[in-house]
Amino acid sequence: MSGSPASSTSILVTAPWLRDNLGRVKVLDCSWHLPTANRSAKHEFARAHIPGAHFFDIDTIKDLTRPDLPHMLPQPAFFASAMDKFGIANHDHVIVYDSAGVGPACRVFWTFHAMGHDNVSVLDGGLPAWTAQGGETEAGPETAETSHTTQSYIAHPDQRIVCNYADVIGAIEELKASAGAHGRQIIDARPHARFTGAAPEFRPGLSSGHMPMALSVPSSEMTVATDTSPAVLKRPADIRAAFEAAGVNLKRPIIASCGSGVTAAVLYFALLNAGVDRSALTLFDGSWTEYALNPHSEIIIDAPTKSNSS
């Protein structure tokens, strides 16, 4: 892939391609770390980022009316105002990346899809691949590109790829009634130990475990470490094999979930790369946090929990 901006179907781009096309795309650093990591993605951005990139903070570009749910989709007008500050127009090809390789950038990729902006791609291997393959970086904090006195970006929300709590409960009921044979499958991207209940959630007071009928597909199974990055996306055949090994039928509709909606987007992105049609995919925006906080939710524990955090 070289020479010209990728089409809307080229959702994965390489560092050499981005280097050749840097002046023709808009770039967003979407790095994020778990609260337990004691790292600041914003400070790391200020130290080094791809030239011309802006910092998309998923902890602030979100639904600010839901403090109990950390990463819910922002309101369309709020998302549009952020795009205006970044100098991004509806027609722009946007490249998203992160410091993990292939991780939080996928959440922003899905967010663009949910806002009707399909011309978005993920940088395979992220910032590590960029620097390892000779890409230059620049320093400096996030700054707005425009005065945004008038709004030019217009979001066109696509609710077809967004799933809420009621949708999940309906899917569980249909799966139970058919012994898993019919209905939307629920796949969980959290580490397997949190899925089974063997390890606790890192959010205080939140139970680990999983939804009835859910299948465990940790997001870490979608990537592989290389000499240029700790995580690049696996080949489509290997992605499909990982899902099929977990019992997922790739010909049936899928709901992706995780802790707060971040790593579920890695599954969404991987499935698209593996050839699964977007019309079959949705993401549970509130994910496990919303589900487990609801006192009416049924939580399955497969193993005793441990007292140490994960």
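Which cysteine sulfur is closest to the sulfur of Cys163, and how far away is it? Select Cys163 and Cys258: the sulfur of Cys163 is 13 Å from that of Cys258, its closest cysteine sulfur, which is too far for a bond. A disulfide here is a pair of cysteine sulfur atoms within 2.5 Å, and the structure holds 0 of them.

This is a predicted model, in which local features need pLDDT of at least 70 and side-chain atom pairs count only at pLDDT 80 or more, while totals for chains, interfaces and linings use all residues. Residues are numbered from 1 along each chain as its sequence is written, and side-chain values use heavy atoms, with hydrogens and water left out.

**Stop 1: Cys163 and its sheet**

Stay on Cys163, which is buried at a relative accessible area of 2%. Buried means under 20% relative accessible area, exposed over 50%, and partly exposed in between, with a 1.4 Å probe and protein chains only. Across in strand S12, the bridge partner of Cys163 is Phe284. Helices (H or I, at least four residues) and strands (E, at least two) are DSSP runs, numbered from the N terminus.

Now select S6 (162–163) and S12 (281–284). These two pair in the parallel sense over 2 bridges; strands count as paired if DSSP finds at least two bridges between them. Extend the selection to the open sheet of 5 strands, ordered S6-S12-S11-S7-S8, with parallel pairing. S6 and S8 stand at the edges with a single partner strand each, so one side of each has no neighbour in the sheet.

Add helix H9, which packs on this sheet and touches S7, S11 (254–257) and S12. Contact means heavy atoms within 4.5 Å. The direction of H9 makes about 175° with that of S12; axes are lines fitted to C-alpha atoms, for helices over the stretch in contact, and angles run from 0 to 180 degrees between N-to-C directions.

**Stop 2: helix H8**

Select residues 236–245, helix H8, and show the side chains of the buried Ile239, Ala242 and Phe243. Looking down the axis of H8, these buried residues fall within an arc of 95°, so they line one face of the helix. The arc is that of the directions from the helix axis to the C-beta atoms. An α-helix has 3.6 residues a turn, so residues three or four places apart point the same way.

What covers the buried residues of H8? The cover includes strand S7 (185–188), strand S10 (232–233) and helix H9 (264–273). Turn to the face of H8 away from its buried side, which carries the exposed Ala237 and Ala245. After H8 comes Gly247, with a positive phi near 90°.

**Stop 3: Ser216 and helix H7**

Select Ser216, found in strand S8 and buried with a relative accessible area of 15%. Its side chain makes a polar contact with the side chain of His192 at 2.9 Å. A polar contact is a pair of N or O atoms within 3.5 Å; within protein, one must be able to donate a hydrogen and the other to accept it, and residues adjacent in sequence count only if both atoms are side-chain atoms. Leaving out residues up to four places away in sequence, Ser216 touches Asp188, His192, Phe195 and Ala246.

Move to Thr196 in helix H7, which counts as buried at 11% relative accessibility. A polar atom of the Thr196 side chain lies 3.2 Å from the backbone nitrogen of Ala198. Then select Met213, in the loop between H7 (192–196) and S8 (215–216). Phi of Met213 is positive, near 70°, although the residue is not glycine, and Met213 is partly exposed at 35%.

**Stop 4: strand S2 and helix H3**

Select S2 (26–29) together with S4 (94–97), which runs parallel to S2 and is joined to it by 4 bridges. Here Leu28 stands opposite Val96. S2 is also joined to S3 by 2 bridges, again in parallel, with Asp29 opposite Phe55.

Next, select helix H3 (76–86), whose buried residues include Phe79, Met83 and Phe86. The buried residues of H3 pack against S2, S3 (54–55) and helix H4 (104–114). Gly87 follows H3 and has a positive phi near 75°.

**Stop 5: Cys30 and Asn38**

Is Cys30 buried or exposed? Cys30 is buried, at 0% relative accessible area. The closest cysteine sulfur to that of Cys30 is in Cys106, 9.5 Å away and too far for a bond.

End at Asn38, in the loop between S2 and helix H2 (41–47). Asn38 is not a glycine but has a positive phi of about 55°, and it counts as exposed at 73% relative accessibility.
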